[in-house]
Each structure stands twice: as C-alpha cells, then as structure tokens.
Amino acid sequence: MRNTKSVYIEIFDLYNFQYETAKRKTAARKYIRTHLRECFPKYNWSDVKNWYKLSELDRYKFKFEVVRKYFMDRTEESRKKKTETDIAEESKEHHYEERKYISGQQEYLSILHKDFYDANASEEDKRRAYDDFCYYLIKYVPNVSAPTYEEWPDSPHRLYDYQQSAMDDALKQAADENYGKPAPVTEAEIDHYALLAIIKYLEEKNSIKVDIDGIRQCLTIKHSVASKNAEEMAESDDSINYLVATKKLDNLDFITRVEKTDNS
C-alpha cells in the first residue's frame, strides 16, 4: 500500500523541522504550497494528495532542491550537519542524482531526434516550431548555422542530422590535415603508461591493490548502456547500474588498501 504521508510531514521529517513552533510550521506549509503551485501549476494544491500524482523524480527534486535553501536557512546550527547527512543518505538511497542524469539524457536524446517540421501545420505553428528548432540547435549544436526559415522545409529537420554532419566534417578535416603524418604521442598514452608504472610500484610495495576487474566491469556497463537510444534506456533495467558505474569511474573508486606484512 502506498505511503500517503502528506507532503508537509514528508518534508518536515527530511529537514528535521517537526520540532519547530506551530507558527514556523504554518509559514513553511504556505511556502511549500506556493512553490508547488509554481512548479506544478496543473494540479490543485489545496488537495495535498496531489503530491503523489507527481513522478518520484519530481518529488525528489522538489524535496532535495526546490525547498532546500528555505529549510536549511531555518535549521539550527546544531541540527544542520545531521540534516545534511539525512538528505544525502535519502538521495543516495533513491539514486536521485543518477535518475536526474538519466532523465536529462533522455530529454536530450528526445530533442536530438525530434522532427520539428510539420508540413501540415499552420504558418503560425511552423514559425513557432522553427523558433524552437533554432533555440535547441544553438543549445546543443552551437557550431552549426541554422537554415533560414525559407530554407528550412528543404533542410534536415532533426538536430541529430546537423550534429552528425558537423562530426563528419570535423573528422574529414582532421584526416586531411594529418594525411601522411605519423600519429602524435598523446597525453592519454603517456598517462596510461605512467599510471601502470605507479600501480606496479605501489602493488609491489604491498600498500594498495587496484581493482582492474572492477574497472573493466564498469566500462562494460557504461559502453553497453550508452549505446542504447532514449526508449531503450527508459526501459532498461541497467540504467541505474550505468550511472553507478559512471560515477565510480569518475571517482576512480577502485583502490583497496592492503596492510603491509612483516615480510615486506
């Protein structure tokens, strides 16, 4: 059965606000309702049960981000550290950052593959669609010039096509510029062998162990899930694993410390 705890109690519990005075709680409820109306105007917030009509991600974002400053500014210094810890633990428990990232990626992929042009639309709707197209083209493919409105019907209608064209042009230019030249030594190659040398030295000294299998597993998950489109990512059971693996790679979380033995 769904937990139907009210939005007020849910937020008060998270921010340890249940111990505040009745006056401060009343003001906080008003603040919550005001921002619920601003963030989700389609719902009637006189009925707080509408809180559970929001997606989990929207509820987490509202609790962890939208109202955070208001409540933290009103939290006593003696309780701030515990409150920050509670927020971090609940966020981690529900994979909030990972879900937010996936949602952003799905939105990006959806816009990237959207066909903005509708030949049957009214002139007003076509103009509006063209403005949207130009806005997102500048946002996501800034190195490409948009066609004029007059050129648009006979030009590609998806941002993805412009992105791929720009990438093809960049690769062709790089190939032309480097034709016949030996491949340069890259910083990545230098870093790779420098790290191998450091790992070898430290492991020989018996102070750390690098989890190479863990790195391989995380990279396998990342490459596998990253190759899926927006719909496949939305349906995939691996989407959370993908973000966990990515975060682990970003944090280089593959070191195990080993106690030195008497023989070392």
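**Buried residues, nonpolar cores and salt bridges**

Ile111 is buried, at a relative accessible area of 10%. The model is predicted. Ile111 belongs to helix α6, which spans residues 96-112. Beyond its neighbours within four places in sequence, Ile111 contacts Phe116, Tyr136, Tyr140 and Leu159. One of these partners, Tyr136, is 25 residues from Ile111 in sequence. In space, the C-alpha atoms of Ile111 and Tyr136 are 7.9 Å apart.

Nonpolar side chains form more than one core in the model. In soluble globular proteins, nonpolar side chains tend to be buried together. The largest nonpolar core comprises 25 residues. Ile11, Tyr15, Ile32, Leu36, Trp51, Phe62 and Phe71 have the most contacts inside this core. Four elements each give two or more residues to the core: α1 (7-14), α2 (22-39), α3 (56-66) and α4 (68-73). Helix α1 supplies the largest share, five residues. Ile11 touches Ile32, Phe62, Lys63, Val67 and Phe71, with residues up to four places away in sequence not counted. Another core, of 14 residues, lies apart from the largest one. Its members include Phe116, Tyr130, Cys134 and Tyr149.

Lys126 lies in helix α7, residues 123-140. Lys126 is buried but has no salt bridge. The nearest side chain of opposite charge is that of Glu123, at 4.9 Å. Lys126 makes no salt bridge with Glu123 because that distance exceeds the 4 Å limit. Outside its neighbours within four places in sequence, Lys126 contacts Tyr117, Asp118, Ala119, Ala121, Tyr149 and Trp152. One of these contacts, Tyr149, is also a member of the 14-residue core.

Salt bridges number 17 in the model. Side chains of opposite charge can pair when their charged atoms come close. Glu56 pairs with Arg99, with the closest N and O atoms 2.6 Å apart. This pair links distant parts of the chain. Glu56 is in helix α3 and Arg99 in helix α6, 43 residues apart. Glu56 counts as partly exposed, at 37% relative accessibility. Arg99 is likewise partly exposed, at 29%.

A further salt bridge joins Arg128 to Glu124, with a closest N to O distance of 3.1 Å. Both residues lie in helix α7. They are four residues apart, about one turn of the helix. Arg128 is partly exposed, at 42% relative accessibility. Glu124 is exposed, at 55%, because it passes the 50% cut-off.

Salt bridges with shared partners also join Glu20, Arg24, Glu76 and Arg79 into one network. Within this network, Arg24 forms a salt bridge with Glu20. The closest N and O atoms of this pair are 3.0 Å apart. Arg24 is partly exposed, with a relative accessible area of 33%. Glu20 is buried, at 12% relative accessibility, because that value is under 20%.

The model contains zero disulfides. A disulfide is a covalent bond between the sulfur atoms of two cysteines. Cysteines occur in the chain, including Cys39, Cys134 and Cys218. Cys39 is partly exposed, at 37% relative accessibility. Cys218 is buried, at 8%. Cys134 is among the residues of the 14-residue core.

Definitions and conventions:
Residues are numbered from 1 along each chain as its sequence is written. This is a predicted model: local features need pLDDT of at least 70, side-chain atom pairs count only at pLDDT 80 or more; totals for chains, interfaces and linings use all residues. Side-chain values use heavy atoms; hydrogens and water are left out. Buried means under 20% relative accessible area, exposed over 50%, partly exposed in between (1.4 Å probe, protein chains only). Lys and Arg count as positive and Asp and Glu as negative; His and the chain ends are not counted. Contact means heavy atoms within 4.5 Å. A disulfide is a pair of cysteine sulfur atoms within 2.5 Å. A nonpolar core is a set of buried Ala, Val, Leu, Ile, Met, Phe, Trp, Tyr and Cys residues joined through side-chain atoms within 4.5 Å.
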